[in-house]
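Hi,

Here is the structure I promised to pass on. Have a look at it first, and my notes follow underneath.

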Amino acid sequence: MSKSKKIIILAVVIVLAVVIGVLAYIFFGVVGIDGKRTYDQSDSVVNNVSTGETVLDDTVVYQTMNGFGASACWWSQDVGKWENYEEILSYLYDSENGIGLNIYRYNLGAGSKGDEHILTENRSTECFLQEDGSYDFGRDQAAQNCLSAAKKLAGDDLRVTLFCNSAPVSLTKNGAGYCSPEKDENAPWISNLDKSNYDEFADFCYNSADYFLSQGYRVTDVSPINEPQYNWRAWYNDDGTYSMNQEGCYYSKTEATAVYNAMIDKFAGSEVENNGCKISMFESGSAEGDDSTCAAYLDCLIGKGPKYVFKNKALRDYFDTVSVHSYWSSTETKQQAADYIADKYSNYDVVCTEYCQMTNDENSGVFDLISQEENGTNGMTIEYGVAMAKVIVDDLTILNAKEWDWWLGCSYGVYPDGLVYLNPDDHSDIQTSKRLWCLGNFSKFIEEGAVRIACSSGVDTLASCAFVNQDNSTVVVYVNNTQQDETTTLNSTGDYSVYTTSAEYDLEQTASGEAGNVSVSVPAMSVVTVVIK
């Protein structure tokens, strides 16, 4: 065979290989996939079953924490006008007398204030963007007062997330902060944001972030899309009027992708991004795995399959974190979500950005208790706090969540959605739920930058997790969701302190001592934190 023929054959082979590779990439997504991130297992932890001894293995590490937070939605726009708003914020953000949260979720309102169709007045909002296209950052001043108080209490390192439930009403199709009602319940779900306004919505998010950064806040994230898989439609009443509970907006998978492409065009490489603020991925209404709505949105946004490979490259390159809410998710469904992410998107971190104990959520751990309350409940007792703590441990250990946020920092009325409960008619009437103090068993001691390490309590009924802070202190949290007192032995390599939340205690120090083997008492229905210096 002549040399020229060999060259031609070699060229044909190379071309065919490239073509096959491209086709495989497009149709199967198997070429060019980034190497998977995997976590080691600790044999000593895995085999520590029913020993009664806590085993920690700091050679096996998992996620690095952003921290813990709560949303200022629906209360800060009132509380910021009260004479004692700083006292109220101290329960959430003071590390001495409160629970030391380090993440503040600020609601960028859509401007539905005065909308008579929203049933609860404090769920309507002011908006910085005015109808004529100008900005008035003097609006929402009471909510800004609360943010300022949180920063004063938590310090300049307070992480601030700006999130939207809807685009501004001046940009929506119907001029409202929610989707229009339909008499036909089977009518197609329609987004309330027209594609012609995607760029303007991106401008709104950017300008809002730029404003708060200019005020000295550490804005780390802007989240423009909340739970897009729900229809967020108002409903017709029997008299022909219509009503809605809150602001919200539906987006199809492809619409969400298009919105994010507009957002990234605005943010990527910008001054705002250079100051540490990025767009975060859509916040899924629940954590689910294969064949779920959550997975379908993830695939459209960052997948490499044939439908999306050329449409979402900018998104794949930009995002590094998946955002989910902990509603409606059992331990099993969270494991399915973790498996799905580990299989397809293992290089993305996970953050759990919203949760409360929905009265119709059978996975909350308190569904039976809620069902017994004919007139509703705020869920103030330890049963509710411990159930929430078990959800937190699951999210931290199954999903490897690097952030965990509760829904409403403060609440009024009757619903298990708050940490602190307020009385609009008597501002001095401040009630703290056991959820507040149970969350504090995590947030007060696990700092930003802490790394989770392998851990097992050695007691079948004690859920646990452990972290090493940047100052090398070790934090171990135990959750006893049973009616029986438990004990585990922990080898403390330094001086230790024990903090307990139970029916009797509100995050109080209940023991301390020097290095050595420590018998840790974890009372029935309690959350216990051991801090080793």
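H7 and H9 cross in a right-handed sense. Keep in mind that this is a predicted model. The two helices, H7 at residues 253-267 and H9 at residues 293-302, have axes that come within 9 Å and cross at roughly 40°, which means H7 is oblique to H9. On the H7 side, the residues involved are Lys253, Thr254, Ala256, Thr257 and Tyr260, and they meet Ala296, Tyr297, Cys300 and Leu301 in H9. Sorted by class, that contact has six nonpolar, two polar and one charged residues.

Tyr260 turns up again if you look at Phe319, since Tyr260 is one of the residues Phe319 touches. Beyond its neighbours within four places in sequence, Phe319 also contacts Ile264, Ile279, Ser280, Met281, Ile302 and Tyr348. You'll find Phe319 in the loop between helix H10 (313-318) and strand E10 (321-325). Is Phe319 buried or exposed? It counts as buried, because its relative accessibility is 6% and the cut-off for buried is under 20%. If you want a distance to check on screen, Phe319 and Gly303 are 16 residues apart in sequence and 12 Å apart in space, C-alpha to C-alpha.

Next, the sheet. It is an open one with seven strands, paired antiparallel in the order E1-E15-E16-E17-E22-E19-E20. E1 (55-64) and E20 (508-513) are the edge strands, each pairing on one side only. On average, neighbouring strands are turned by 25° against each other, ignoring direction. Within the sheet, E16 (residues 462-468) and E17 (residues 474-480) make an antiparallel pair over seven bridges, and Cys465 stands opposite Val477 in E17.

What lies across this part of the model? Helix H13 does: it lies across E1, E15 (451-456), E16, E17, E19 (496-501) and E22 (526-532), and runs at about 55° to E16.

Just past H13 there is a backbone detail to look at. Asn400 sits in the loop between H13 (382-397) and strand E12 (401-411), and its phi is near 55°, a positive value in a residue other than glycine. Asn400 is buried too, at 15% relative accessibility.

Trp74 also has a positive phi without being glycine, near 75°. It is in the loop between strand E2 (67-71) and helix H3 (76-79), and with a relative accessible area of 8%, Trp74 is buried.

Cheers

Definitions and conventions:
Residues are numbered from 1 along each chain as its sequence is written. This is a predicted model: local features need pLDDT of at least 70, side-chain atom pairs count only at pLDDT 80 or more; totals for chains, interfaces and linings use all residues. Side-chain values use heavy atoms; hydrogens and water are left out. Helices (H or I, at least four residues) and strands (E, at least two) are DSSP runs, numbered from the N terminus. Buried means under 20% relative accessible area, exposed over 50%, partly exposed in between (1.4 Å probe, protein chains only). Contact means heavy atoms within 4.5 Å. Axes are lines fitted to C-alpha atoms, for helices over the stretch in contact, and angles run from 0 to 180 degrees between N-to-C directions. Angles under 35 degrees count as roughly parallel, over 145 as roughly antiparallel, 65 to 115 as roughly perpendicular and the rest as oblique. A crossing is left-handed if the near helix is turned anticlockwise from the far one by less than a right angle, and right-handed if clockwise. Ala, Val, Leu, Ile, Met, Phe, Trp, Tyr, Cys and Pro count as nonpolar, Asp, Glu, Lys and Arg as charged, and the others, Gly among them, as polar. Two strands pair if DSSP finds at least two bridges between them.
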